[in-house]
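Here is a set of short exercises to work through with the sequence and the model open side by side. Try each task yourself before you read the solution.

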Amino acid sequence: MTIFGFILRRIIKEIGICNRQEHSKRASKLSQKITNAKVHLGSLVWEEINEISDLKEVYLELKILTKKQENIKSAQVEFIESNNELKLKVEKIEFDSTQNINLTYKEKGDLSLELSELKKQIHETEEECKKIRKRFIGPDNSQENETVETFKSLYAKERQKLVKLRLEIEEKNRLIKRLNERLNKILEATKLEISETMNEVSQTSKKVASQSAEIEAIESSKKEFFIDVGTFIFKNLESSDPNIQSLKEKYKLSSRGHKQLIQSMDHHSILAS
């Protein structure tokens, strides 16, 4: 806002025509723009202000804060890497567990099929035994002794086959029981290992969050010092201090634009009041 524009708006304001809210918004935006300019300038030149006596303490404070911030960031990188490794560990635990569980279920499924087949064979063998037994046992048995003995021998073989099949079923059931026990152990071990690892992930995540908060807090403190540096440099751009003149030339600094922003902000603040 030019001086002429400001005077004109002051006259209009006197007769009751003024958008105070709009002027307040513009003053606020200009204030933020000025602050951002100071922060930017301060962050740009602070490492080169150690020879300016009025900024010596600010320089030392910024140096300490920056070093502390860098140390925290460096430590945070290690924690983030550790956290990522732990997450990968959890994924591997889950993958290995899934592989073992699938393999165990496959073994159990194969055994179940074998068990089903054995039960079928037992049923068929029992039926065969009944048929054979009827051939040599009965009230009307008129078969020759030799034939009877043949059926008895065949019956005995089938009964032996039944015993063998039942033993095989018992063995299959024992194996299935062991597989169920293995599944339970895999699930319990996986649950425990994931729980312990996720606890570590939680702890490292909290540490990373804490470090981020520290970094942000330091950045806020640095920002205040940057504002002090920017304010001082803008205010003293026309001084004869060779260090300031060196910065002015190096970064092509001008006080004119900054002063115009301040003046415009002041005008809008007055019109908003």
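**Exercise 1. A salt bridge between two helices**

Task: With which residue does E126 form a salt bridge, and how far apart are the closest N and O atoms?

Solution. A word on the model before we start: it is a predicted one, in which local features need pLDDT of at least 70, side-chain atom pairs count only at pLDDT 80 or more, and totals for chains, interfaces and linings use all residues. Residues are numbered from 1 along each chain as its sequence is written, and side-chain values use heavy atoms, with hydrogens and water left out.

Step 1. Recall the term: a salt bridge is a side-chain nitrogen of Lys or Arg within 4 Å of a carboxyl oxygen of Asp or Glu.

Step 2. Find the partner. E126 pairs with R166, and the closest N and O atoms are 2.5 Å apart.

Step 3. Place both residues. E126 lies in helix α3 and R166 in helix α4, so the pair ties together parts 40 residues apart in sequence. Helices here are DSSP runs (H or I, at least four residues), numbered from the N terminus.

Step 4. Check accessibility. Buried means under 20% relative accessible area, exposed over 50%, and partly exposed in between (1.4 Å probe, protein chains only). E126 counts as partly exposed because its relative accessibility is 28%, and R166, with 35%, is partly exposed as well.

**Exercise 2. Further salt bridges**

Task: How many salt bridges does a search of the whole structure find? Which residue forms a salt bridge with K250?

Solution. Step 1. The search finds 9 salt bridges.

Step 2. K250 meets E48, with 3.0 Å between the closest N and O atoms. This pair links distant parts of the chain: K250 is in helix α5 and E48 in the loop between α2 and α3, 202 residues apart. E48 has 29% relative accessibility, so it counts as partly exposed.

Step 3. Now look at R182 and E107, whose side chains meet in a salt bridge at 3.4 Å, N to O. R182 sits in helix α4 and E107 in helix α3, 75 residues apart. R182 is partly exposed at 34%, and E107 is partly exposed at 29%.

**Exercise 3. Buried polar residues in α3**

Task: Is S97 buried or exposed, and which residues does S97 touch, not counting residues up to four places away in sequence?

Solution. Step 1. S97 is part of helix α3, residues 56-136. Its relative accessibility is 7%, so S97 counts as buried.

Step 2. Contact means heavy atoms within 4.5 Å. Leaving out residues up to four places away in sequence, S97 touches I186 and T190.

Step 3. Compare T66, which is also found in helix α3. T66 counts as buried because its relative accessibility is 12%. With the sequence neighbours up to four places away left out, T66 touches W46 and K222. T66 and K222 are 156 residues apart in sequence, yet 8.0 Å apart in space, C-alpha to C-alpha.

**Exercise 4. The aromatic pair**

Task: How many aromatic pairs does the structure hold?

Solution. Step 1. Rings of Phe, Tyr and Trp (its six-membered ring) pair if their centres lie within 6.5 Å; planes under 30 degrees apart count as stacked, over 60 as edge-to-face and the rest as tilted.

Step 2. The structure holds 1 such pair. W46 and Y59 form it, tilted, with 5.9 Å centre to centre and 40 degrees between the planes.

Step 3. W46 is in the loop between α2 and α3, and Y59 is in helix α3, 13 residues apart. Both W46 and Y59 are buried.

**Exercise 5. The nonpolar cores**

Task: Which residues have the most contacts inside the largest nonpolar core?

Solution. Step 1. A nonpolar core is a set of buried Ala, Val, Leu, Ile, Met, Phe, Trp, Tyr and Cys residues joined through side-chain atoms within 4.5 Å.

Step 2. The largest core has 20 residues, and I49, I52, L55, V229 and I233 have the most contacts inside it. The elements giving two or more residues to this core are α2 (20-45), α3, α4 (145-235) and α5. Helix α4 gives the most, with 6 residues.

Step 3. A second, separate core of 15 residues includes L111, F136, F151 and L162.
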